[in-house]
Each structure stands twice: as C-alpha cells, then as structure tokens.
Amino acid sequence: MKRNRRKETPQIETNSLKFERCVLCGKQTHIPISTPIAARQGYIEGTGQLCPTCYKRIKNV
Ligand SMILES: [Zn+2]
C-alpha cells in the first residue's frame with residue numbers, strides 16, 4: 001500500500017492573497033491587494049498589476 005503524504009502549506013496561498021501578482025511574469029509584487037488602483041505603482045489600466053521589472057520593460061519599449 002502506498003500512502004502519499006502531501007505536505008501542503010496553505011501559508012503560501014494566504015501569502016499570495018495579500019499581494020498582487022504581476023500579470024506578465026506571475027511574480028508576487030509588493031503591492032497589497034487592498035491598495036487602491038490610483039495609489040499603485042506599476043498598475044496599467046486594462047492590463048493589471050506589473051512587478052517593477054516588467055513595468056520598467058514596458059515603459060522602455
Ligand atoms: Zn513581472
């Protein structure tokens with residue numbers, strides 16, 4: 001009999017709920033989800049939240 005013991009850490013999920021994720025690379029940003037869009041850095045209307053790296057890339061192009 002095989003028993004698969006999965007050690008799942010719900011902490012990761014809870015963590016990712018607190019901060020926005022970059023819509024391009026999927027990385028968690030430092031922007032809390034509760035932050036108003038107008039006060040966010042790296043937020044592009046119609047696209048979503050970007051991490052600083054992707055935001056720089058987009059602005060450069
Ligand atoms: Zn990114």
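Apart from residues within four places in sequence, lysine 18 is in contact with Pro32 and Ile33. In this predicted model, lysine 18 belongs to helix H1. The C-alpha atoms of lysine 18 and isoleucine 33 are 5.7 Å apart, although 15 residues separate the two along the chain. Lysine 18 has 11 other C-beta atoms within 10 Å and is therefore exposed, since the cut-off for that class is 12 or fewer.

The helix that holds lysine 18 calls for some caution. H1 covers residues 10-18 and has the lowest mean pLDDT among the elements of the chain, 58. Where pLDDT is low, the predicted coordinates should not be read in detail. At the other end of the scale is strand E4, residues 48-49, with the highest mean, 96. Over the whole protein chain the average pLDDT is 85, and 82% of the residues score at least 70.

The overall layout comes next. The chain contains two helices and four strands, and along the sequence these follow the pattern α-β-β-β-β-α. Of the 61 residues, 13% count as buried. Among the contacts with a separation of 6 or more, 31% are between residues 24 or more positions apart.

After H1 the path leads to strands E1 and E2. E1 spans residues 19-21 and E2 residues 28-32; the two run antiparallel and are joined by two bridges. One residue pair can be named here: arginine 21 has glutamine 28 in E2 as its bridge partner. Six residues lie between E1 and E2, which form a hairpin. In the turn, glycine 26 has a positive phi of about 80°.

Isoleucine 31 is a residue of E2. Is isoleucine 31 buried or exposed? It is buried, because 22 C-beta neighbours lie inside 10 Å and the threshold is 20 or more. Setting aside residues within four places in sequence, the contacts of isoleucine 31 are Phe19, Glu20, Arg40, Gln41 and Gln49. Phe19 and Glu20 fall within the residue range of E1, while Gln49 falls within that of E4. Tyrosine 43 is twelve residues from isoleucine 31 along the chain, and the C-alpha atoms of these two residues are separated by 9.6 Å.

Beyond E2, the chain enters the loop that leads to strand E3 (43-44), and serine 34 is found in this loop. Serine 34 is exposed, because its count of other C-beta atoms within 10 Å is 8. The C-alpha atom of serine 34 is 8.9 Å from that of glutamate 20, with the two residues 14 apart along the chain. Glutamate 20 is also one of the contacts of isoleucine 31.

Technical notes: Residues numbered from 1 in each chain as written. Predicted model: local features only at pLDDT ≥ 70, side-chain atom pairs only at ≥ 80, totals over all residues. Pairing = 2+ DSSP bridges. pLDDT = per-residue confidence, 0-100. Contact = placed C-beta atoms within 7 Å.
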